[in-house]
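Hi,

Here is the structure I promised to pass on, sequence included. Have a look around it first, then read on for what turned up.

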Amino acid sequence: AGALPSGWADAGDPDSFAARYRRAWGAEPGAAAAEGYNAARRLDLAIRPSGGLTPRAAVVEALASSEGGIEW
């Protein structure tokens, strides 16, 4: 899933993942929800610029470069 950004579970920050999740789902997010969101964001950032999964090397490189974390 890659590294989660610091503050993803910050209850005091209205723009944090946890706050947005609570507003959408009415429950506290667990680490699995944050990891799933992070993985989906990484895939989106890797695939969208090329409009698909080709060239494959570019997608693989983009995923590798985001392993340490991305901005949400």
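Start with N38 and W72: their side chains are joined by a polar contact of 2.8 Å. Bear in mind that this is a predicted model, so everything below describes a prediction. N38 is found in helix α2, and its side chain also reaches the backbone oxygen of G2, at 3.5 Å. Is N38 buried or exposed? Its relative accessibility is 0%, so N38 counts as buried; the cut-off for that word is under 20%. If you skip the neighbours within four places in sequence, the residues in contact with N38 are A1, G2, A3, L4, P5, I70 and W72.

W72 turns up again when you look at the rings. The structure holds six aromatic pairs. Take W8 and F17: their ring centres are 6.1 Å apart and the planes sit at 55°, so this pair is tilted. That label covers angles that are neither under 30 degrees (stacked) nor over 60 (edge-to-face). W8 has a relative accessible area of 18%, which means it is buried. F17 is buried too, with a value of 7%.

F17 also pairs with Y37. Here the ring centres are 5.1 Å apart and the planes are at 35°, so this pair is tilted as well. Which parts of the chain does the pair link? F17 is in helix α1 (residues 17–25) and Y37 is in helix α2 (residues 31–47), so to speak two distant parts of the chain, 20 residues apart. Y37 has 29% relative accessibility, so it counts as partly exposed. Try colouring the rings in your viewer: ring pairs link W8, F17, Y21, W25, Y37 and W72 into a cluster.

Now for the charged side chains. How many salt bridges are there? The count comes to three.

- E28 forms one with R22, and the closest N and O atoms are 3.0 Å apart. E28 counts as exposed, at 55% relative accessibility, while R22 is partly exposed, with a relative accessible area of 22%.
- D44 forms one with R41, with the closest N and O atoms 3.4 Å apart. Both residues lie in helix α2, three residues apart, which is about one turn of the helix. D44 is partly exposed at 24% relative accessibility, and R41 is partly exposed with a relative accessible area of 21%.
- D44 forms another with R48, where the closest N and O atoms are 2.7 Å apart.

D44 appears twice there, and R41, D44 and R48 are linked in a network of salt bridges. R48 is found in the loop between α2 and α3 (56–65). Is R48 buried or exposed? At 61% relative accessibility R48 counts as exposed, because the cut-off for that word is over 50%. You can also use R48 to get a feel for distances: R48 and A11 are 37 residues apart in sequence and 31 Å apart in space, going from C-alpha to C-alpha.

Finally, zoom out to the whole chain. Its secondary structure comes to three helices and zero strands, and reading along the sequence gives the pattern α-α-α. The C-alpha trace spans about 40 × 20 × 20 Å along its principal axes. There are 72 residues in the chain, and buried ones make up 19% of them. W8, F17 and N38 are among the buried residues you have met already.

Two more numbers for the chain. Among contacts with a separation of 6 or more, 48% are between residues 24 or more positions apart. As for the surface, the chain exposes about 4700 Å², and carbon and sulfur atoms supply 56% of that.

If you only have a few minutes, I'd look at three spots. One is N38, buried in helix α2, with its polar contact to W72. Another is the ring cluster, which includes W8, F17 and Y37. The last is the salt-bridge network of R41, D44 and R48.

Happy browsing!

Definitions and conventions
Residues numbered from 1 in each chain as written. Predicted model: local features only at pLDDT ≥ 70, side-chain atom pairs only at ≥ 80, totals over all residues. Heavy atoms only, no water. Phe/Tyr/Trp six-rings, centres within 6.5 Å; stacked < 30°, edge-to-face > 60°. Buried < 20%, exposed > 50% of the residue type's maximum accessible area, 1.4 Å probe, protein only. Helix = DSSP H or I, 4+ residues; strand = E, 2+ residues; numbered from the N terminus. Polar contact = N/O pair within 3.5 Å; in protein donor to acceptor, adjacent residues only side chain to side chain. Contact = heavy atoms within 4.5 Å. Salt bridge = Lys/Arg side-chain N within 4 Å of Asp/Glu carboxyl O. Areas by Shrake-Rupley, 256 points an atom, 1.4 Å probe, with all protein chains shown as cover.
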